[in-house]
Amino acid sequence: MASDTPENSTNSTSNSAAALTAAQHPAHADGVPVVAVIGDGQLARMMQTEAIELGQSIRLLAGSPDASAAQVCADVIIGDYHVWEDVERAVAGAQAVTFDHEHVPTEFLNKLTEMGYSVQPQPSALLYAQDKLLMRQRLEELGAPVPAYAAIESAEDAEAFFDRVDGAVCLKARRGGYDGHGVWFPKDREDLRALVDELLGKDVPLMAERKVALVRELSAMCARTPSGEVKAWPVLESVQRDGICVEAICPAPGLADDLARAAEKLSVTIASELGVTGALAVELFETVDADGNPEIFVNELAMRPHNTGHWSQDGCETSQFEQHLRAVADMPLGSTRPTAPVTVMVNTLGGDEASDVPISQRFAEVWRRFPSAKIHWYGKDWRPGRKLGHVNLCGYDASPEGIAETRRVANLAAGYIVDGVWADGYTA
C-alpha cells in the first residue's frame, strides 16, 4: 500500500523531523521509553503494535515511507542503514537500539556503543549471526552440536571438503542470505568447483558444511535481558519449502521430551554464552545417528524476532515481539506459557499471479468460514513468493488427528488469502 503523500514531501518531512531527538519528537509522550529500530520490514512493523501496549515508543529507520513498518510508525527517519549519518540521526535520544535484520555494519554498532547507546543485541554477539563461519567456530567452542564445516577460500579447499564428507556438501555464503538465498547444493565435484570459482570471483566469502540426512527442521527460541534473565518458548517444528519457512507447528509434534529439553537448554546456553539480548532463534536440524537415534545440529542463529516465532502472537501468553522489546529495554520478561495445546502458523506467500479478489474480501471469506483464524498482514505489494503475511490458528486437540486438522484449516485459510480460491473446493 503506497503512501498518498508524494515521496519528496514525505522524505522532506521525515528528514526535518530527524533534527529532533527521539525525546523531543511529538510522537513520543513524556517519560515513555523510546526504542530505535533499524530496519523497516514486517518484524519491525509487529514490534510497533506491541510497543504501544508496553508503554514504549518506536523510532524507525526506514528505506522508504511506504515500507511495511513505516506505514504504522509515527516517527520515521528515511535513510539507509549503510550510511552512518542516517543511523546516527535515527538513534538520537533513544534509550535502546535494536534491529529487524542482522545486516547493519559492525563498525557502526561499535561506534554507537562507544557513544553510550544501549545497542541490543550488542555487536559482540550480533557478529555471530552476521557471519556463519564465525558462528560455527564459536558454537563448536561451546560444545554445541554443529555439522562438519570448513572455510572455503579456494576451489582446492572445496574439493578437500568434498572428499572429507563423501560429497555431501552444502555451500553457504558466510554473510547475508536468507529464505534459501546464499545456499547451494552442488551435484558433484565439478559443479562444486565451478560454483566456488564463480562466487569467489564475485567476492562472496564462503564456507561449506556437511549436508545432513534431514528428518525435519526445528526452532528453539528464547529471549534474554542485558541483566541476564532468560526465558524460552516451547520447541517447534518448522516446515520448509525451497528454503523458505512455510509453516510452523508449536510444540513440535512427536518430539521426544529429552530432545525437546536439550534443544531448549541449547538455546538458553547460546544466548547466555554469546551475550545475546532480545529474541534469539536457534534453527536446528533433526536427524538420526548411526544407531537410528534422533539428534540435533545447529543450522542458523537469528538475534531478533523470527518467522518461526510468529505463532506466539496468538498461542502464547507473551509474544516474541513483546518479549524482544521487554528484553532490549531490560524489563522483566513475560510468561512463555502456551495458551493452547497446539498453534499453527502458515505464511501467506505471493502466488504466481495476483488474485483479482480484493484482499478485504479474501479476509472476510476466511473469517466467515474460520472465525478463529488470526490474519496478520504486512502491507506489502504482491510479488511471487514474497512474504505478505501469515495466519495463526490455535488448536485444542493435541492428538495427531487434532494437529492434522489444525494444520489443514490454517493452510486452507492461508491459501485462500493468496489465491482467492478454496483448495478443497468449498463453496459458501
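**View 1. The lining of the second largest pocket draws on strands and a helix.** Strand 12 (244–250), strand 15 (342–349) and helix 13 (400–419) each contribute at least two residues to the lining of the second largest pocket, in what is a predicted model. Helix 13 gives the largest share of this lining, with 5 residues. The space in the second largest pocket amounts to about 310 Å³, and among the 14 residues that line this pocket, the closest to its centre are Arg241, Val246, Asn347, Leu349 and Val418. Sorted by class, the lining of the second largest pocket holds 6 nonpolar, 5 polar and 3 charged residues.

**View 2. The largest cavity has a lining without charged residues.** When the whole structure is searched, 1 cavity of 30 Å³ or more is found, and the largest cavity holds about 40 Å³ of space. Its lining is made up of Met221, Trp233, Pro234, Leu236, Gly309, Trp311, Ser312 and Gln320, which divide into 5 nonpolar and 3 polar residues, with no charged residue present.

**View 3. Helix 11 is mostly covered.** Helix 11 spans residues 320–328, and 9 of its 9 residues are buried. The buried residues of helix 11 include Gln320, Glu322, His324 and Arg326, as well as Phe321, Leu325 and Val328. Gln320 also appears in the lining of the largest cavity, so that this view can be read together with the one before it. In an α-helix there are 3.6 residues a turn, so residues three or four places apart point the same way. After helix 11 comes Asp330, whose phi is positive, near 60 degrees.

**View 4. Strands 2 and 3 run parallel.** Strand 2 (residues 57–62) is joined to strand 3 by 4 bridges, and the bridge partner of Ala62 in strand 3 is Ile78. Strand 3 covers residues 75–78, where Asp75 and Ile77 point one way while Val76 and Ile78 point the other way, and all of them are buried. In a regular strand, side chains alternate between the two faces of the sheet.

**View 5. Four strands make an open antiparallel sheet.** The 4 strands of this open sheet follow the order 5-8-6-7, and their pairing is antiparallel. Strand 5 (149–152) and strand 7 (183–184) are the edge strands, each of which pairs on one side only. Strand 5 and strand 8 are joined by 4 bridges and run antiparallel, with Ala151 standing opposite Met207 in strand 8. The strands of a sheet pair through backbone hydrogen bonds, which may be parallel or antiparallel.

**View 6. Arg210 and Lys211 are listed by UniProt under "binding site".** In an unreviewed UniProt entry, the feature "binding site" is placed at several positions, including Lys132, Lys172, Arg210, Lys211 and Asn299. Arg210 is found in strand 8 (residues 206–210), whereas Lys211 lies in the loop between strand 8 and strand 9 (216–224). Is Arg210 buried, exposed or partly exposed? Arg210 counts as partly exposed because its relative accessibility is 34%, and this value falls between the cut-offs of under 20% for buried and over 50% for exposed. Lys211 is likewise partly exposed, since its relative accessible area is 44%. Not counting residues up to four places away in sequence, Arg210 touches Pro147, Ala148, Phe161, Arg164, Val165 and Ala168. With its neighbours within four places in sequence left aside, Lys211 is in contact with Ala168, Val169, Cys170 and Phe185.

Definitions and conventions: Residues numbered from 1 in each chain as written. Predicted model: local features only at pLDDT ≥ 70, side-chain atom pairs only at ≥ 80, totals over all residues. Heavy atoms only, no water. Buried < 20%, exposed > 50% of the residue type's maximum accessible area, 1.4 Å probe, protein only. Pairing = 2+ DSSP bridges. UniProt positions renumbered as here; feature names shortened; annotations may be inferred. Contact = heavy atoms within 4.5 Å. 1 Å grid on protein atoms, 1.4 Å probe; cavity = no way out; pocket = protein on both sides within 12 Å on 5 of 7 lines; lining within 4 Å. Points joined across faces, edges and corners; volume = space filled by probe spheres on them. Nonpolar A, V, L, I, M, F, W, Y, C, P; charged D, E, K, R; others polar.
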